[in-house]
Amino acid sequence: MSAVAVTQSKANRALRFYGLTNGKKVIVAVTGVALFGFVVGHLIGNLQVFLGPEVMNAYGATLHSNPALLWSARIILLAAVILHITASVQLAIRAKAARPEGYRKWNRVKSSYASRTMIWSGPIIGAFVVYHLLHFTLGNAMGWQGRQFATQTVDGHVIPAPYENVVAGFQNPIVSGAYIFAMALLMLHLRHGLWSMFQTVGLNHSRLSPRLQRFASVFSLILFIGYISIPIAVMLGIVR
Amino acid sequence: MNLILHVWRQKGPGEKGQMVRYEAKNVNEDMSFLEMLDVLNEQLVLRGEDPIAFDHDCREGICGSCGFMINGVAHGPQRGTTVCQLHMRHFKDGDELWLEPWRAKAFPVVKDLVVDRSAFDRIIAAGGYISVPTGSAPDGNAIPVPKKKQEMAMDAAACIACGACVAMCPNASAALFTGAKISHLNLLPQGQPERYERAERMIAQMNIENFGHCTNIGECEAVCPKSIRLEVIAFMNRDFLRAKWVEGEEPVLASQG
Amino acid sequence: MELDSRIPGGPIEQKWDKARFEMKLVNPANKRKYSLIVVGSGLAGASAAATLGELGYNVKCFCFQDSPRRAHSIAAQGGINAAKNYQNDGDSIFRLFYDTVKGGDFRAREANVYRLAQISVNIIDQCVAQGVPFAREYGGTLANRSFGGAQVSRTFYARGQTGQQLLLGAYQALQRQVSLGRVTMIPRTEMLDLVVIDGRARGIITRNLITGKIDAHVADAVILATGGYGNVFFLSTNAKGSNATAIWRAYKRGAAFANPCFTQIHPTCIPVSGDYQSKLTLMSESLRNDGRIWVPLKPGDTRPPDQIPENERDYYLERRYPSFGNLVPRDVASRAAKAVCDEGRGVGPGGLGVYLDFSDAIRRLGKKTIADRYGNLFEMYERITGEDPYTVPMRIYPAIHYTMGGLWVDYHLMSTIPGLFVLGEANFSDHGANRLGASALMQGLADGYFVIPYTIGNYLASAKIEKVDTSHAEFKRCESEVNERVRKLLSIKGKKSVDAYHRELGKLLWDYCGMARNEQGLKKCLAKIPELREEFWQNAAVVGSGTELNQVLERAGRVADFFELAELMCLDALHRNESCGGHFREEYQTPDGEALRDDEHYCYVAAWEYRGENQAPVLHKEPLKFEYVLPSQRSYK
């Protein structure tokens with residue numbers, strides 16, 4: 001190893017890092033952590049629907065009361081989503097090129113369904129998120145459903161009224177069904193992703209590994225139950 | 001027992017191949033899989049046909065020469081075993097078996113079930129060694145190595161470079177192979193001086209060789225004839241990150257000389 | 001032909017130092033002007049190529065496998081000896097030297113063996129520094145075990161994969177030189193001839209196994225490290241690809257072949273299970289520490305082992321050798337197994353096997369202890385045979401394992417052709433008539449790391465080597481001969497497979513020149529081999545072309561050479577009218593069936609010189625002098 005060390009510029013180094021499959025994987029893992037944080041936070045917010053319209057709508061208003069914070073969170077999340085998707089897609093393309101001719105037969109030995117379908121569960125969840133935003137943030141989708149997008153006025157600003165929109169939205173079984181389906185995929189995605197993040201950044205060894213995998217399974221299940229409890233409650237009429 | 005084999009036949013590198021059907025008759029259950037192919041090949045030769053080419057040498061499961069896919073699983077149905085140590089008693093009369101070579105851009109097919117795995121040699125050449133010129137070594141006991149460290153290094157060093165990990169991985173990733181060598185050397189005190197440079201160089205070479213990325217799904221670990229664990233990949237990732245962000249300056253990667 | 005062993009004068013402890021001082025050196029700046037060829041990439045070849053590259057020579061290294069890391073050194077299980085005396089149990093360089101000379105039944109050169117024992121300590125240091133994960137004690141120091149009946153613990157090991165780890169160390173050092181551009185690695189290539197110009201080895205002719213291309217390579221010296229020739233027997237513990245072609249071609253170009261009949265038979269291998277058998281698998285010798293070897297008392301007893309009562313069993317090693325019992329040396333244990341099988345008391349298919357029974361040990365120590373000690377070996381046995389050795393006794397039988405014979409070399413490891421050096425199992429030098437366990441790895445690495453780097457420098461610095469290139473007439477001649485031979489092999493479109501001929505040859509050799517030999521049998525064998533060889537050249541089924549990967553053609557070429565080598569082995573065995581080490585002539589035994597050496601007439605190295613097609617080879621003798629370890633009869637009673 002007699003190569004001469006030459007200092008690279010920071011930007012150059014970042015690019016080279018990203019140029020390696022291992023670098024891209026780290027990006028996927030780190031952005032995955034950010035998105036996972038959002039998924040947890042979002043659930044905590046959403047569950048307030050069980051506390052009634054005042055609490056829920058006040059929570060919505062709180063989020064909107066600080067546009068700077070809201071927009072920085074949105075921008076960070078958007079950047080994470082873009083990086084997460086871009087890196088994953090580039091890796092998938094590369095992987096396809098790494099095996100130009102496929103097997104006539106291939107049988108899994110160990111891997112889980114969730115782990116092998118990340119590249120499919122991901123985009124479907126992505127597509128759902130777009131729809132979800134149109135539905136509850138921008139409101140356009142409400143119209144498709146033949147409903148009015150409910151709003152509230154706080155300090156003179158017109159902002160969405162989450163409680164009414166959630167109830168109205170989920171009363172439609174198709175909307176609820178699609179939501180539950182997307183959450184099931186999200187559970188699958190996290191079941192592997194949550195553990196995989198640790199592995200990718202190097203936090204794994206023989207004793208930790210089974211615990212991390214158990215944690216990933218349990219935690220993704222908890223998130224799944226938490227999320228689908230809302231449409232189910234609406235459909236059952238518990239939340240009206 | 002009688003078996004039906006569908007074997008990938010390809011005349012040479014870059015040529016078109018196809019699956020060809022053969023019948024293996026009166027297979028003895030004490031035969032190894034390769035001996036079963038030996039018998040079939042002997043019959044093919046006596047009929048004036050081209051025998052099925054496959055790599056093999058020690059037939060004790062340690063040289064790493066042999067290996068192909070049997071019904072879509074690298075080295076076949078028995079875990080922790082290479083095809084030379086897989087015996088026919090694990091199959092039953094009338095079984096239909098599909099034999100395909102390792103498939104990866106980095107492992108071009110040479111002929112039939114023989115592939116070119118020289119990419120592995122180049123990954124080792126990129127940094128999979130400890131630079132110690134002959135004669136310059138201190139006494140063997142000068143550097144004590146904790147027993148546990150040595151055991152972990154040995155677990156990783158058991159890799160036979162057969163390529164099953166790459167073959168089985170849906171992304172044709174060489175992470176298990178590269179991770180194993182990085183873990184072996186970087187766990188030991190002797191490997192510390194070149195530790196991070198080694199990780200960087202070997203990973204860079206792995207990328208140059210067109211292997212895919214690791215999605216941590218664990219198929220490689222499942223088919224590894226030496227049962228090398230996924231943790232070696234985590235170890236590699238850790239050293240990779242340390243090399244990139246903690247250790248600072250990057251070396252220039254270029255072949256010298 | 002004159003055999004000058006070039007052993008330096010002076011006391012044995014100082015010979016190597018003296019030789020190193022007297023050797024001429026190549027100026028560091030001039031080293032890159034010399035090109036060297038290394039054939040083989042096992043422990044000897046890889047360590048030599050790496051070290052010579054490091055010194056600055058231009059090295060080309062060849063192997064027939066797809067990667068240098070696959071050479072058969074990788075399969076060695078047990079360990080590597082070194083006189084480190086880390087265990088403080090009385091080991092020393094002199095003791096390792098003494099054990100090796102005695103174990104070799106006084107047919108090895110004292111000076112070479114002493115040097116080997118001296119260098120052994122450096123090998124361990126080198127390998128540890130390379131990152132070889134040798135077993136350690138809890139305090140972090142290196143662990144040792146006693147091996148092959150040695151009375152001291154001097155064997156270093158890395159689980160049951162010592163050969164693999166040592167080879168990976170050498171391979172990694174080699175790949176480092178490859179990345180630095182000092183060594184060019186040429187895999188999947190087979191050496192088919194040696195080119196000798198003006199009496200010096202100047203290059204080789206190779207065949208690219210993928211494209212079939214025949215190439216000429218020129219160099220200032222050629223190093224052969226191509227391993228042993230155990231595969232002449234067809235069934236052996238060698239890898240399928242191991243072959244004698246390189247050394248046989250060198251022999252036919254003038255390198256003397258020494259002691260070809262000295263072959264080692266390992267007593268604990270898994271027996272043959274059928275005609276399709278392609279190779280034999282070794283089970284570590286350590287199993288004999290706890291297993292008891294027995295056969296039924298009555299010939300032809302086919303009852304399952306658990307139904308044979310204790311008083312109808314014959315624990316023949318314990319009976320014949322009360323003090324060593326099941327731990328007698330390899331050659332003794334092997335012959336005893338053959339003897340009981342010849343009496344019709346063998347077990348398993350074909351009656352070629354004896355029981356290695358762990359039931360007493362399991363009763364005494366518990367299944368867990370036995371599993372801790374031999375778990376991986378039991379697993380390997382079960383994988384191959386489908387039988388569970390915890391409940392059914394293992395069946396074992398001896399098999400060809402190692403060849404002590406090889407090309408004759410002097411103290412500098414140079415053959416009788418100047419400029420042709422031979423390392424590792426391919427040479428004859430250090431093990432005499434029998435090799436001790438864990439010494440093969442030691443010799444391969446000693447030759448490659450620590451002997452050849454000095455001696456080749458001396459050769460290059462003192463010889464006047466003319467400049468030649470591959471357009472030289474001799475290169476052209478050799479190349480066309482190789483082409484002609486390939487063409488000839490391809491033209492035999494016969495009806496019997498190459499493997500069938502090889503199997504038949506192996507059976508002949510095993511029966512007449514195997515564990516026990518006699519004059520009558522050897523003469524019979526010598527009459528049959530040429531007949532079979534003739535038939536082979538008429539009727540072998542060789543298909544395909546020479547311009548592609550053609551594994552049948554490869555095998556045919558190797559088997560053709562084995563036919564010739566087999567004859568030389570029988571000739572050597574016939575001429576040596578004594579029993580020593582692995583060479584047991586039934587006419588020469590003590591009344592109780594032990595080997596009877598004849599130091600008065602046969603205390604020499606038998607080096608055979610090739611004199612041309614259809615001419616008898618000529619025997620040259622290098623007398624052996626024992627000044628430090630005086631010959632004595634081995635006794636294990």
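The following exchange covers two sheets of chain C, the contact between chain C and chain B, and chain A.

Biologist: What kind of model is this, and which pLDDT do local features need?
Modeller: This is a predicted model in which side-chain atom pairs count only at pLDDT 80 or more, totals for chains, interfaces and linings use all residues, and local features need pLDDT of at least 70. Residues are numbered from 1 along each chain as its sequence is written, chains are lettered from A and ligands numbered from 1 in the order in which they are written, and side-chain values use heavy atoms, leaving out hydrogens and water.

Biologist: Which strands stand at the edges of the open sheet of five strands in chain C?
Modeller: Strands (E, at least two residues) and helices (H or I, at least four) are DSSP runs numbered from the N terminus, and two strands pair if DSSP finds at least two bridges between them. The sheet has the order E5-E2-E1-E9-E17 in chain C, with parallel pairing. Two of its strands have a single partner strand each, so one side of each is left without a neighbour in the sheet: E5 (183–186) and E17 (420–422) of chain C.

Biologist: Which helix packs on that sheet?
Modeller: The twist of the sheet averages 20° from one strand to the next, with axes fitted to C-alpha atoms, for helices over the stretch in contact, and angles running from 0 to 180 degrees between N-to-C directions. The helix touches E1, E9 (221–224) and E17 of chain C, contact meaning heavy atoms within 4.5 Å. Its direction makes about 155° with that of E9(C), and the helix is H12 (residues 440–462) of chain C.

Biologist: Within E2(C), which residue is the bridge partner of Ser35(C)?
Modeller: Strand E1 (residues 35–39) and strand E2 (residues 58–62) of chain C pair in the parallel sense over five bridges. In E2(C), the partner of Ser35(C) is Asn58(C).

Biologist: How much area do chain C and chain B bury between them?
Modeller: The contact takes 79 residues from chain C and 78 residues from chain B. Buried area is the accessible area (1.4 Å probe) that two parts lose on being put together, summed over both. With 49% of it on carbon and sulfur atoms, the area is about 6200 Å².

Biologist: Which three residues supply more of the area that chain C buries against chain B than any other three?
Modeller: Their part of the area that chain C buries is 12%. The residues are Arg70(C), Tyr276(C) and Arg383(C).

Biologist: Which residue of chain C forms a salt bridge with Asp55(B)?
Modeller: A salt bridge is a side-chain nitrogen of Lys or Arg within 4 Å of a carboxyl oxygen of Asp or Glu. Between chain C and chain B the count is eight. For Asp55(B) the closest N and O atoms are 2.8 Å apart, and the partner is Arg188(C).

Biologist: Which helix lies across strands of the sheet E16-E10-E20-E21 in chain C?
Modeller: This open sheet has four strands with antiparallel pairing. Strands E16 (406–407) and E21 (618–623) of chain C stand at its edges. The helix lies across E10, E20 (604–609) and E21 of chain C, runs at about 145° to E20(C), and is H16(C).

Biologist: How many helices and strands has chain A?
Modeller: The C-alpha trace of chain A spans about 70 × 45 × 35 Å along its principal axes. From the N terminus on, its elements run α-α-α-α-α-α-α-β-β-α-α-α. Chain A has ten helices and two strands.
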